[in-house]
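Q: I'd like to learn how to read a few features off a model. Could you walk me through them one by one?

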Amino acid sequence: MRKFRYRLAALMRFQESSVQPLRQALQEAEHRLESDCAALRAAETEVVSCERALPSLVGNQALYLSALNFIRELRLRCRQLEHVVEDSEALRGRAMADLSEAQARLRQLEKHKDRQHESWRAEAQRGEYREQDDAWLQRRVAGGLA
């Protein structure tokens with residue numbers, strides 16, 4: 001019996017090889033998002049701590065105004081970091097979509113291969129049955145003539 005050979009095996013190997021870099025890109029995007037979120041949390045914590053220290057500076061007007069300016073700059077930094085986090089989330093979303101799409105293409109090829117293999121197996125089985133039927137008929141004809 002001949003062996004099953006999938007004609008789209010090269011395409012399947014290519015799809016399999018394209019999934020791993022996409023997984024790595026997703027992992028990198030998730031790490032970037034985590035670090036950006038941590039930076040944002042740290043900046044927000046710094047704003048809160050500076051705001052808590054602000055009432056103790058009321059006696060020194062120059063230091064108090066300087067602290068207000070510093071808090072304003074920290075809030076601006078937080079807004080910038082919020083945009084960075086949004087960009088990181090969008091990057092992670094694109095990476096997830098790309099990976100999902102590649103995995104869907106791979107699953108589609110695997111299903112196609114399974115269907116082709118089943119079809120090949122059924123055809124091989126029909127061929128074996130045909131050979132057995134022919135052998136039985138030959139024996140029957142040879143037995144009937146003798």
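A: Sure. Keep in mind that this is a predicted model. Let's start with L63: its relative accessibility is 42%, so it counts as partly exposed. The label follows because partly exposed covers the range between under 20% (buried) and over 50% (exposed).

Q: Which helix is L63 found in?

A: L63 sits in helix α2.

Q: How far apart are L63 and Q24, in sequence and in space?

A: For a pair like this, put the sequence gap next to the C-alpha distance. L63 and Q24 are separated by 39 residues in sequence, and their C-alpha atoms are 49 Å apart in space.

Q: What about F70 and R92, in sequence and in space?

A: Here the gap is 22 residues along the sequence, with 32 Å from C-alpha to C-alpha. F70 has its place in helix α2, which spans residues 61-145. With a relative accessibility of 37%, F70 counts as partly exposed.

Q: And what separates the C-alpha atoms of F14 and L106?

A: A distance of 9.4 Å, although F14 and L106 are 92 residues apart along the chain. F14 belongs to helix α1.

Q: Is F14 buried or exposed?

A: The cut-off for exposed is over 50% relative accessible area. F14 has 53%, so it is exposed.

Q: Which residues make the nonpolar surface patch?

A: For a patch, ask who takes part and how much area they make. Here L8, L11 and F14 form a nonpolar patch of about 270 Å² on the surface. L11 lies in helix α1, which covers residues 9-53. L11 counts as partly exposed because its relative accessibility is 39%. To belong to a patch, a residue needs over 30% relative accessible area and no salt bridge.

Q: How do I read the largest pocket, and which residues line it?

A: Take the volume, then the lining, then the classes in that lining. The largest pocket holds about 270 Å³ of space. Its lining includes the run R2, K3, F4, R5, Y6, R7 and L8. Farther along the sequence, H112, Q116, S119, W120 and E123 complete the lining.

Q: How many residues of each class are in that lining?

A: Five are charged, four are nonpolar and three are polar. One of the nonpolar patch residues, L8, also lines the pocket.

Q: How many salt bridges does the structure hold?

A: There are six. The cut-off to keep in mind is a side-chain nitrogen of Lys or Arg within 4 Å of a carboxyl oxygen of Asp or Glu.

Q: Could we take R121 and E118? Why are they about one helical turn apart?

A: Both are in helix α2, and they are three residues apart, so about one helical turn separates them. Their side chains meet in a salt bridge with an N to O distance of 3.0 Å. R121 is partly exposed because its relative accessibility is 40%, and E118 is partly exposed too, at 45%.

Q: Which residues are linked in a network of salt bridges?

A: E123, R126 and R130 are. Read a network one pair at a time. The side chains of R126 and E123 meet at 2.6 Å, N to O. These two residues are three apart in helix α2, so they are separated by about one helical turn. E123 also bridges to R130, with 3.9 Å between the closest N and O atoms.

Q: What are the relative accessibilities in that network?

A: R126 has 43% and is partly exposed. E123 is partly exposed at 36%, and R130 is partly exposed at 46%. E123 is worth a second look: this residue takes part in the salt-bridge network and also lines the largest pocket.

Conventions:
Residues are numbered from 1 along each chain as its sequence is written. This is a predicted model: local features need pLDDT of at least 70, side-chain atom pairs count only at pLDDT 80 or more; totals for chains, interfaces and linings use all residues. Side-chain values use heavy atoms; hydrogens and water are left out. On a 1 Å grid over the protein atoms alone, a cavity is a set of points where a 1.4 Å probe fits but cannot get out, and a pocket is an open set with protein on both sides within 12 Å along at least five of seven lines; lining residues have an atom within 4 Å of a point. Grid points are joined across faces, edges and corners, and a volume is the space filled by probe spheres set on the points. Ala, Val, Leu, Ile, Met, Phe, Trp, Tyr, Cys and Pro count as nonpolar, Asp, Glu, Lys and Arg as charged, and the others, Gly among them, as polar. Patches are made of residues with over 30% relative accessible area and no salt bridge: like charges are joined within 9 Å, nonpolar side chains (Val, Leu, Ile, Met, Phe, Trp, Tyr) within 5 Å. Accessible areas come from the Shrake-Rupley method with a 1.4 Å probe; for residues, only the protein chains shown count as cover. Helices (H or I, at least four residues) and strands (E, at least two) are DSSP runs, numbered from the N terminus. Buried means under 20% relative accessible area, exposed over 50%, partly exposed in between (1.4 Å probe, protein chains only).
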